[in-house]
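Colleague: Please pick one part of this model and take me through it closely. I would like to hear about the nonpolar core, and what surrounds it.

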Amino acid sequence: AGAGGGSGSEDDDGGFDYAALDEAQRIAAGAAEGGPAAAAASGEGAAEEEGPERKRKQRGGNKESQKRRKRQKREDDVLRAKRAGVAVPSLRDALKASAAAPKASANAGMTRGLVSYDDVADVAAYPTPAAPSSSSSSAVPPPDAVRAAQASSTAVSQELSPAVVVRVARESARRARVAEVVKARTVFITNISFKMTEQEMREWLGTSGKIREVRFARDKTTTHLLGYAHVQFEDAGMAAAAVARCDRHEKHNRVMRVMPVGERCQFELPEEIREDVRALLREAYEGKNLSTVKGAWLKRHPGQKLDTARWGFKNFSKAVATIEGIVLEHHLEKKLTKLAFFKGSPAHVAFLEERGRRAAAADGARAEGGEHKRPAPQEGGAPGPEAKRRRGGAEDGDGSLAAAASAGVAPSQRGGASADGEAALRRVARRPCGCVVS
């Protein structure tokens with residue numbers, strides 16, 4: 001019974017150190033072969049072999065854990081600040097702010113405008129780091145959301161400690177710096193053909209440097225390409241090289257434009273086409289509609305197609321509007337038709353004078369017509385005198401017919417009128433003019 005109880009307790013015991021038992025057996029075997037000194041030396045050698053490797057693993061794991069804890073702490077601080085009413089920018093907001101503000105004051109303005117050490121009531125006693133320059137810090141007032149949080153300082157103080165405010169401010173500044181870096185090494189490509197693939201984009205722009213990311217703009221519903229993309233390089237120098245080398249590159253019958261993020265793109269026609277349009281206007285087509293000008297160009301260049309979408313324009317009108325010295329005016333009668341003129345030419349001046357005369361005549365006609373306007377209906381939906389007159393005439397006509405019917409007069413005996421005469425009388429009585437038939 002005792003042996004059975006002992007074996008049962010050994011089975012239930014899950015804390016037996018089998019590794020220590022194996023180590024003891026290994027040391028005992030070494031002692032049997034070379035004595036106690038050899039056993040001790042083998043034990044120390046094994047510890048020296050396993051020790052550095054174990055330490056390296058521990059250090060690596062601790063480093064990753066520290067990074068993870070710091071990242072989680074930043075995210076918790078940002079969420080805590082947002083719940084307290086302090087505005088913390090996302091990376092997209094930081095990119096927009098950096099595009100709108102000068103680069104020199106982007107970091108200072110972003111940090112002071114979004115979160116401040118003075119926005120919480122109990123932070124005054126906390127030793128804050130050096131603030132930005134007085135001009136940039138005093139120009140931007142605290143946001144309204146922070147002022148509302150400052151009014152309820154008790155709840156905010158419990159939610160945001162001084163250390164949390166400092167960390168949130170650092171996180172805002174870090175996001176602003178990241179936005180500046182991302183903007184500097186990103187280029188914007190437009191007028192992309194819908195047949196363009198990411199692999200073709202990487203092969204084309206990869207000659208300027210290593211590409212980190214290619215983002216095609218797509219429709220959220222259909223996922224179709226929208227004709228522009230953003231490409232991020234490893235550094236700003238590669239992005240500048242891509243702008244210098246790859247701008248105005250033609251692919252799939254589209255001349256693509258490459259430019260830094262934040263700059264406005266201005267499409268333009270080739271110089272030879274611009275000169276041809278100017279020559280046509282000088283000869284006989286100034287003041288003509290654009291379809292006539294385009295038809296004349298096609299006649300002079302048989303077999304060619306004037307596809308302005310190749311250079312990024314929506315239509316021929318948008319393309320001609322970018323030619324220097326040419327202005328487009330709406331037709332005086334056909335508002336959807338545009339006429340091409342040289343700016344300040346005699347034909348253009350005469351057109352502007354004629355348009356001014358017509359506008360003055362139209363204003364005079366409206367003013368004259370306003371004097372003879374019919375009186376408007378009275379307030380509350382009451383009918384005016386004209387409406388009353390019309391309604392009275394109709395009621396008189398209907399009343400005469402009703403009186404004749406109530407007297408029992410047959411249609412053939414009503415003043416000698418027949419059934420057709422009665423129908424005509426009814427139509428006349430219901431006319432809006434209120435005329436009386438004799």
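Modeller: Accessible areas come from the Shrake-Rupley method with a 1.4 Å probe. Keep in mind that this is a predicted model. By that method, the protein chain has an accessible surface of about 28400 Å². Carbon and sulfur atoms hold 53% of that surface. The chain has 438 residues, and 28% of them are buried. It carries 17 helices and 7 strands.

Now go inside. The largest nonpolar core has 24 residues. Leu269 and Ile326 have the most contacts within it. Several elements each supply at least two residues: strands E5 (254-260) and E7 (338-342), and helices H12 (271-285), H13 (290-300) and H14 (316-321). Both domain 1 (175-260) and domain 2 (271-366) contribute residues, so this core lies between them.

Look at Leu269 itself. Set aside its neighbours within four places in sequence. Leu269 then touches Arg274, Thr308, Trp311, Phe313, Ala319 and Ile323. A second core is separate and has 19 residues, among them Trp204, Val214, Val231 and Ala242.

Next, follow strand E7, one of the suppliers of the largest core. Of its 5 residues, 4 are buried, so mostly covered is a fair description under the cut-off of 20% relative accessible area. E7 pairs with strand E6 (residues 326-330). The pairing is antiparallel and runs over 5 bridges. In one of these, Leu328 has Ala340 of E7 as its bridge partner.

Aromatic rings come next. There are 3 aromatic pairs. Phe188 and Tyr228 form a tilted one, with 5.8 Å centre to centre and 45° between the planes. Phe188 sits in strand E1 (residues 186-190) and Tyr228 in strand E3 (residues 225-233), so this pair ties together parts 40 residues apart in sequence. Tyr228 is partly exposed, at a relative accessible area of 32%.

Phe267 and Phe313 make another pair, this one edge-to-face. Their centres are 6.1 Å apart, and the planes meet at 65°. Phe267 is in the loop between E5 and H12. Phe313 is in the loop between H13 and H14. The two are 46 residues apart, and the pair links distant parts of the chain. Both are buried. Phe313 also takes us back to Leu269, which it contacts.

Finally, step back to the whole chain. Take the contacts with a separation of 6 or more. Residues 24 or more positions apart account for 62% of them.

Methods:
Residues numbered from 1 in each chain as written. Predicted model: local features only at pLDDT ≥ 70, side-chain atom pairs only at ≥ 80, totals over all residues. Heavy atoms only, no water. Core = buried A, V, L, I, M, F, W, Y, C linked by side-chain atoms within 4.5 Å. Buried < 20%, exposed > 50% of the residue type's maximum accessible area, 1.4 Å probe, protein only. Domains from an automatic or database assignment. Contact = heavy atoms within 4.5 Å. Pairing = 2+ DSSP bridges. Phe/Tyr/Trp six-rings, centres within 6.5 Å; stacked < 30°, edge-to-face > 60°.
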